[in-house]
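The following text walks through one protein model, from its overall make-up to single residues. Please keep the sequence and the coordinates at hand while reading.

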Amino acid sequence: MANQDYEDRQQPQELGYDPNFVPDSVKSFVVHLYRHIREKNVYEIHQMYESSFQTLSERLFKDTPWPSVDAVAHYVDNDHVFCLLYREMWFRHLYARLTPTLRQRIDSWDNYCSLFQVVLHGVVNMQLPNQWLWDMVDEFVYQFQSFCQYRAKMKNKTEQEIALLRQFDQAWNVYGVLNFLQALVEKSAIIQILEQEKEGLVQFTATDGYDYNGGSNVLKVLGYFSMVGLLRVHCLLGDYHTGIKCLLPIDISQQGVYTSVIGSHITTIYHYGFANLMLRRYVEAIREFNKILLYIFKTKQYHQKSPQYEQILKKNEQMYALLAICLSLCPQSRLVDETVNSQLREKYGEKMARMQRYDDEAFAIYDELFSYACPKFITPSAPSFEEPLVNYNQDAYRLQLKLFLYEAKQQQLLSGVRTFLKVYSTISLAKLASYMEVDEPTLRTILMTYKHKTHAVDSDLKITSNADVDFYIDDDTIYVVESKPAKRYGDYFLRQIVKLEGVINEMDGIKLE
């Protein structure tokens with residue numbers, strides 16, 4: 001199936017596209033790329049993959065696919081593995097520039113199956129750049145998500161499309177996708193490698209996953225990135241516990257191979273932070289969003305020419321929206337750096353003030369920010385072809401939105417308690433009950449709810465508090481315990497020094513008349 005001439009079945013609108021015509025620059029590209037892969041010249045492969053492929057795509061294939069794999073195969077000794085890699089790039093370019101047909105979606109699945117089977121069961125004697133290996137996993141999950149969305153829009157499907165969906169019901173099957181990612185993790189033994197690295201027995205992170213002893217990095221690094229892929233798939237399915245569990249072998253409090261590729265770094269923290277938000281672990285989500293947003297703020301100018309730049313900016317905006325949600329549900333602004341905080345206030349200051357009111361307008365803003373910033377949730381099961389055909393691509397999203405808003409509404413009760421607790425250091429139950437206009441048993445229930453909602457179970461199964469204001473009750477008196485942040489004078493002075501240096505540099509640059 002994967003070896004069929006799928007390029008011969010192009011969309012009719014691609015008139016003038018000849019899949020068998022190979023321009024000289026493409027000949028040169030595949031010949032050189034093939035040679036560099038055989039020589040394991042990672043630096044040159046990276047240059048060609050990141051730069052030459054993008055330049056040629058922009059110049060020659062802006063709105064058409066690249067030449068077919070059959071047309072270029074004889075320039076590369078008909079090498080099976082190289083042809084699978086070329087085809088993987090071919091499909092990625094097609095998805096980015098055009099709208100794939102159902103047949104092309106199925107063929108892309110077959111190509112990934114063949115490529116991953118070779119990596120899992122063959123002897124792959126090559127080194128590929130981390131960027132390419134990350135893009136493979138990233139695109140694999142993206143195309144799965146795209147297929148689920150496409151299949152869920154049943155209303156305008158033709159009879160041929162429905163017949164194809166029935167015939168190829170294993171293409172992009174959720175179990176197939178999860179099994180490949182899990183198999184890459186297991187076969188690569190990456191979890192054991194990371195454990196051994198902690199004990200100082202092997203080097204993996206220190207070499208960014210590359211093998212300097214003439215071996216291959218492909219299986220190990222694909223296994224590593226597959227843990228991030230599993231986190232993402234489970235988030236798309238709404239299974240946040242399992243998603244975070246899949247990421248546990250990677251210590252995200254440290255630099256790692258996941259931080260060596262900006263797309264991988266952002267995807268990891270975006271999904272990890274989102275999963276924590278949905279599990280009510282707001283402090284963990286705030287901490288990680290703060291770190292990545294600060295990192296993007298400092299480094300985004302270096303990625304302006306990168307093909308991922310637009311995606312970086314989009315995820316940056318989405319994470320600010322998620323941070324605004326977290327801080328509205330769990331006011332812990334002490335966890336947020338001054339730079340990130342000022343950006344946040346600029347973007348969402350007014351909305352965050354309105355979200356604290358917990359009226360209909362506040363819930364409309366929660367709805368708006370969640371809908372803008374959440375992942376594109378999917379329904380992984382195949383539709384019923386017998387029933388009247390309807391679109392159900394929004395069902396999974398609506399369910400997650402409903403669960404989130406239900407949680408936000410429960411927080412409404414807590415905002416009143418928090419307001420009073422911030423004012424008093426001690427207060428009797430009777431007095432607080434009269435202020436809140438409820439009886440004492442109801443107040444005790446509200447206080448128990450506050451305790452429950454401001455505590456969460458972390459990945460180590462320890463109960464942690466998200467509360468900025470906590471309390472305990474002794475003999476009908478409430479004693480309030482407010483967490484005091486440790487003042488970090490050093491950070492403040494360092495920021496001022498950097499600002500001063502910037503001003504001095506600007507003044508030095510001004511030429512006096």
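The protein chain carries 54 positive and 64 negative side chains. The centres of these two sets lie 3 Å apart. The model that holds these charges is a predicted one.

The protein chain has 513 residues, and 52% of them count as buried. Its secondary structure consists of 20 helices and five strands. Taken along the principal axes, the box filled by the C-alpha atoms is roughly 85 × 75 × 60 Å. The chain exposes about 25400 Å², and 52% of that area is supplied by carbon and sulfur atoms. For contacts between residues at least 6 apart in sequence, 73% join residues at least 24 apart.

The interior comes next. In soluble globular proteins, nonpolar side chains tend to be buried together. The largest nonpolar core of this model has 149 residues. Which of its residues touch the most other members? They are Leu128, Trp132, Tyr224 and Ile325. For tyrosine 224, the partners beyond four places in sequence are Ile190, Leu194, Phe204, Ile250, Gly256, Val257 and Tyr258. A second core, separate from the largest one, has 16 residues, including Leu414, Leu421, Met436 and Tyr450.

Helix α12 covers residues 262-278, and two of its residues can be followed in turn. Threonine 268 lies in this helix. Is threonine 268 buried or exposed? Its relative accessibility is 0%, so threonine 268 counts as buried. Apart from neighbours within four places in sequence, threonine 268 is in contact with Val228, Leu231, Leu247, Ile252 and Tyr258. Tyr258 is also among the residues touched by tyrosine 224. Glycine 223 is 45 residues from threonine 268 along the chain, and their C-alpha atoms are separated by 15 Å.

Isoleucine 262 also belongs to helix α12. With a relative accessibility of 9%, isoleucine 262 counts as buried. Its contacts, leaving aside neighbours within four places in sequence, are with Tyr295, His303 and Ile312. Between isoleucine 262 and tyrosine 309 there are 9.7 Å in space, C-alpha to C-alpha, and the two are 47 residues apart in sequence.

After helix α12 comes a loop that leads to α13 (282-299), and arginine 280 has its place there. The phi angle of arginine 280 is near 65 degrees, a positive value in a residue other than glycine. How does this loop residue stand with respect to solvent, buried or exposed? At 14% relative accessibility, which is under the 20% limit, arginine 280 counts as buried.

Aspartate 77 is another residue that is not a glycine and has a positive phi, here of about 60 degrees. Aspartate 77 sits in the loop between α3 (69-73) and α4 (80-97). What sets its class is a relative accessibility of 54%, and aspartate 77 therefore counts as exposed. The cut-off for that class is over 50%.

Helix α5, residues 102-121, contains tryptophan 109. Tryptophan 109 has a relative accessible area of 7% and is buried. Which residues does tryptophan 109 touch, not counting those up to four places away in sequence? They are Phe140, Gln170, Ala171, Trp172, Gly176, Val177 and Phe180. Glutamate 39 and tryptophan 109 are 70 residues apart along the chain, and their C-alpha atoms are separated by 29 Å.

The cysteines remain. How many disulfides does the structure hold? The number is zero. Cysteine 148 is in no disulfide, and the nearest cysteine sulfur, which belongs to cysteine 113, is 14 Å away. A disulfide would need the two sulfur atoms within 2.5 Å. Cysteine 148 itself counts as buried, at 2% relative accessibility. Why does cysteine 374 have no bond to cysteine 235? The closest cysteine sulfur to that of cysteine 374 is the one in cysteine 235, and because 11 Å lie between them, the two are too far apart for a bond. Cysteine 374 is likewise classed as buried, with 8% relative accessibility.

Technical notes: Residues are numbered from 1 along each chain as its sequence is written. This is a predicted model: local features need pLDDT of at least 70, side-chain atom pairs count only at pLDDT 80 or more; totals for chains, interfaces and linings use all residues. Side-chain values use heavy atoms; hydrogens and water are left out. Helices (H or I, at least four residues) and strands (E, at least two) are DSSP runs, numbered from the N terminus. Buried means under 20% relative accessible area, exposed over 50%, partly exposed in between (1.4 Å probe, protein chains only). Contact means heavy atoms within 4.5 Å. Accessible areas come from the Shrake-Rupley method with a 1.4 Å probe; for residues, only the protein chains shown count as cover. Lys and Arg count as positive and Asp and Glu as negative; His and the chain ends are not counted. The place of a charge is taken as NZ of Lys, CZ of Arg, CG of Asp or CD of Glu. A nonpolar core is a set of buried Ala, Val, Leu, Ile, Met, Phe, Trp, Tyr and Cys residues joined through side-chain atoms within 4.5 Å.
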